[in-house]
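Here are my notes for your first look at this one. Have the model open as you read, and take the points in order.

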Amino acid sequence: MAEEEVDILICGSGSAGVCAATWLARYGVPCKIIDSRSGPMKIGQADGVQCRTVEVFESFNMAEDLLREAYHVLEVTFWSSSPEVKGEGISRTGRAADTAPGLSHMPHVILNQARINGLLIEAMERYNGQKVDYGYSVKSVHVDDEAAKEPDAHAVTVVTEQDGKARIFKAKYVLGCDGAHSAVRRSLGYKMIGDTSDAVWGVMDVYPQTNFPDVRRKCAIQSKAGSLLIVPREGDALARFYIELPEGTKAKEVSLEDLQKTARRIFAPYQMDFADTYWWSAYAIGQRLADHFSKANRVFLTGDACHTHSPKAGQGMNTSLQDGYNIGWKLAMTIKGQAGPELLKTYDLERGKVAANLINFDKEYAKLFSSKSKDKEKFREHHIMAGRYTAGLTATYDDSAITSAANSTQSLAKNLVVGMRFPSTQVVRHSDAKSMQLVKALPADGRWRIVIFAGDILKISEAKKLTELASFLESPEGPVRKFTPSDADIDSFFEPIVVLSGPRIQIEQDQIPEYFWPVTGKWRMRDLHKVFVDDESYNSGHGRAYEFYGVDPGKGAVAVVRPDQYVSLVTALEDHDGIGGFFEGFAKRRP
């Protein structure tokens, strides 16, 4: 049998797998990706792209294509049975912004999962030529527990089959990204724990011919004939209908005609015909969670391989993709020797909590959405209140080696919550007066950021604190020299980002310590793009960043931000020991 050694084997090229691979490609770390399909996904079953996922695409410098091609969800309307309408008629009972203003600088959009995955595959190929190998089926996965104690051992054996021939991979690390029927999970002996309800729903992507006025809005309908969710699709014509089917329905017995007939009853008195159907399916609602997310810190389950739920809240693809976003950079740091394997243990801690919260949310959401729910107003209120959750912005990671609320002074930056993603607002770049979102300065390129809110350095006290911090960071005792290879750019592991307050035009470049505009890159030029000012821009007003982040300009703050844009630590500019000590907890010293 053919045998091949690889550092990282990714089983499955769904959202989690290709997102993790994109991270690895950004780091320049090759991997082997295998998939049981004969080629790339053509029709995806998911389509909702929450705000946080759009932010992830922005971090990879990929948001432009996504936003151009997608349908933008701006408003949601609510319909229910109306006493004014005879029979089973419905009427509009309310409307709301789909995403409350200020939650994210990115919108909620709709784009087919096949295209989402395609964008990620294009990106990983662009970064380091990474490709997917199709036609592989996983037969078994075995972890050598003794070998797993040696960090560099290829301790995982994966037996696969391609074109009728057995092929063996010996890997240091394996990602099980192979869906709800995961062969990796089954091979490890892990089980999915949870329930499947008797409720059956259908889903179809259709070209509707109708006089229903809200067919191009996201719309939740609760009628006597059942419940239905409309999700308009990209392209201005296609729409997805999620349809509650009558009690006693068996998913395997459902036909397309059944879905269309039920939809017509729900839409009454409005006309509803279908010019064509692009895709359809039926399913029983279930919420399940794997009893384990990893094996021996060598095999990790992601996405549907470790959590399944109903699709109506639009969380499946997004949570899966963000599983890959979480594990990808950690694997890259481990393989490159920037951190020890202990870093990977944070995957279970962080994504296990997210998955458990998702299951609980989905149970409540599915119950309220059902036509059996008598409290229609409660569903509307729940949907609006849950907007922050469904936008993907509530994930909060507990303390670990890379997240330290216990050692933070949260009051210095009240809205930069340790364990949550770094939110964004407008700032003005000092070097060229460009107004931009601050998060654009934190791209997903593998670097840790030390974001410094230094206040007004025209004041002697603030200038002194910034100068002393710069001296510490680049000193032999500071983290930069300890963990950055001597032959690499000074900002290759840690990148400082400075946000000043006060009038930008009064601040000269030489008033800023040189550490914050270092000589880097092929041409050995000064990098002037790391300093920003919370000031008025020429074309888009004032971002009021200090107010937005809850930072007192007179005190300032330092936020340590992970490569995946989550906040690890918030502390004072003077807390040199705290900043340095944080990185001692997980980073490997370099020669």
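1. How close do the axes of helix H2 and H7 come, and at what angle do they cross? Keep in mind that this is a predicted model. The axes of H2 (residues 51-59) and H7 come within 10 Å, with a crossing of roughly 40°. That crossing is left-handed. On the H2 side the contact uses Arg52, Thr53, Val56, Phe57 and Ser59, and on the H7 side Asn318, Leu321, Gln322 and Tyr325.

2. Follow the chain past H7 and you get to glutamine 338, which sits in the loop between helix H7 (316-335) and H8. Is glutamine 338 buried or exposed? Its relative accessible area is 11%, so it counts as buried, the cut-off being under 20%. Setting aside residues up to four places away in sequence, glutamine 338 touches Tyr27, Met333, Phe493, Phe586, Ala587, Lys588 and Arg590.

3. Now the big sheet, if you'll allow the nickname. Eight strands make an open sheet with mixed pairing, in the order E6-E5-E13-E14-E15-E12-E16-E19. Strand E6 (90-97) and strand E19 (307-308) are the edges; each has a single partner strand, so one side of each has no neighbour in the sheet.

4. Inside that sheet, have a look at strand E12 (residues 192-210) and strand E15 (residues 239-244). They run antiparallel and are joined by six bridges. For a landmark, find aspartate 205, which stands opposite arginine 240 in E15.

5. Which helices pack against these strands? Helix H6 (residues 256-267) lies across E6, E12, strand E13 (218-223), strand E14 (226-232), E15 and strand E16 (272-290), and it runs at about 100° to E16. Helix H8 (residues 345-369) also packs on the sheet, touching E12, E13, E14, E16 and E19. The direction of H8 makes about 130° with that of E16.

6. Don't skip the loop between H6 and E16, where proline 269 lies. The peptide bond leading from alanine 268 into proline 269 is cis, with omega near 10°.

7. Helix H4 (residues 113-128) is worth a stop. Its 16 residues reach 23 Å from first C-alpha to last, close to the 22 Å expected at 1.5 Å a residue. What caps the N-terminal end of H4? Asparagine 112 does, with a side-chain oxygen 2.7 Å from the backbone nitrogen of alanine 114. After H4 comes glycine 129, with a positive phi near 75°. The buried residues of H4 include Ile116, Leu119, Leu120, Ile121 and Met124, and Gln113 and Asn117 are among them too.

8. Next, strand E26 (residues 531-534). Val531 and Val533 point one way while Phe532 and Asp534 point the other way, and all are buried. Strand E20 (residues 426-429) runs antiparallel to E26 and is joined to it by two bridges. Strand E23 (residues 494-501) pairs with E26 in the parallel sense, over four bridges. Phenylalanine 532 is the residue to click on here: arginine 429 stands opposite it, and it is also the bridge partner of valine 499.

9. Where is alanine 395? Look in the loop between helix H10 (387-390) and E20. Alanine 395 has a relative accessible area of 17% and is buried. Apart from neighbours within four places in sequence, it is in contact with Val354, Gly419, Met420 and Tyr566. The C-alpha atoms of alanine 395 and leucine 358 are 10.0 Å apart, with the two positions 37 residues apart along the chain.

10. Last, two alanines with positive phi. Alanine 296, in the loop between strand E17 (294-295) and strand E18 (299-301), has phi near 55°. Alanine 433, in the loop between E20 and strand E21 (435-437), has phi of about 65°. How do they stand for burial? Alanine 296 counts as partly exposed at 38% relative accessibility, whereas alanine 433 is buried at 19%.

Conventions: Residues are numbered from 1 along each chain as its sequence is written. This is a predicted model: local features need pLDDT of at least 70, side-chain atom pairs count only at pLDDT 80 or more; totals for chains, interfaces and linings use all residues. Side-chain values use heavy atoms; hydrogens and water are left out. The expected span of a helix is 1.5 Å times one less than its number of residues. Buried means under 20% relative accessible area, exposed over 50%, partly exposed in between (1.4 Å probe, protein chains only). A polar contact is a pair of N or O atoms within 3.5 Å; within protein, one must be able to donate a hydrogen and the other to accept it, and residues adjacent in sequence count only if both atoms are side-chain atoms. Two strands pair if DSSP finds at least two bridges between them. Contact means heavy atoms within 4.5 Å. Axes are lines fitted to C-alpha atoms, for helices over the stretch in contact, and angles run from 0 to 180 degrees between N-to-C directions. A crossing is left-handed if the near helix is turned anticlockwise from the far one by less than a right angle, and right-handed if clockwise.
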